[in-house]
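Dear colleague,

I am handing over the structure we spoke about, and it follows directly below. Please look through it first, and then read the notes on what was found.

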Amino acid sequence: MKSMQTPLHKVQGMGASHTGTNHFWHERITSLALIPLTLWFGYAALGLAGASEASAIGFLSHPVNVILMFGFVWISLYHMKLGLQVVIDDYVHSSGAKILLLLLVRFIFIATGAFATFALIRFAAYAFGD
């Protein structure tokens with residue numbers, strides 16, 4: 001059986017959705033963004049080890065810290081979503097299970113991000129005297 005693809009399309013190696021390269025670059029960019037954010041998070045976590053709850057809330061009430069934490073949480077979640085999508089696409093062969101798992105990953109991504117955003121907004125409210 002002869003393929004309906006043009007020779008150029010075969011050489012380009014694009015998948016059905018033509019987004020493989022875009023997905024690849026999003027994974028790489030998020031991993032690069034996570035390097036300084038993870039270093040900051042580790043420094044902050046070690047600095048807050050053994051501190052009181054009030055100290056942690058005070059730390060997160062500073063605008064710079066809450067912005068960095070917001071970036072760390074959302075970029076980590078997005079990077080996780082991208083990675084899990086690749087694993088599901090590569091290793092789950094049943095269409096129904098694949099769709100269910102991809103929807104579950106998306107739901108967890110949105111729910112966790114929404115919860116974390118709500119919590120960070122509450123912490124940031126302390127900075128403005130709420």
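A salt bridge is counted here where a side-chain nitrogen of Lys or Arg lies within 4 Å of a carboxyl oxygen of Asp or Glu, and by this rule the count comes to one. Glu27 pairs with Arg28, their closest N and O atoms being 3.3 Å apart. Of these partners, Glu27 is buried, at a relative accessible area of 15%, while Arg28 is partly exposed, at 35% (buried means under 20%, exposed over 50%, and partly exposed in between, with a 1.4 Å probe and protein chains only).

Please keep in mind that this is a predicted model, in which local features need pLDDT of at least 70 and side-chain atom pairs count only at pLDDT 80 or more, whereas totals for chains, interfaces and linings use all residues. Residues are numbered from 1 along each chain as its sequence is written, and side-chain values use heavy atoms, with hydrogens and water left out. The protein chain averages a pLDDT (the predictor's confidence in each residue, from 0 to 100) of 87, and 82% of the residues score at least 70.

Thr30 is found in helix α2, residues 20-48 (helices are DSSP runs of H or I with at least four residues, numbered from the N terminus). Thr30 is buried, with a relative accessible area of 8%, and, leaving aside residues up to four places away in sequence, touches Ile75, Tyr78, His79 and Leu82 (contact means heavy atoms within 4.5 Å). In helix α4, the buried residues include Leu77 and Leu82.

With best wishes

Note on methods: Helix = DSSP H or I, 4+ residues; strand = E, 2+ residues; numbered from the N terminus.
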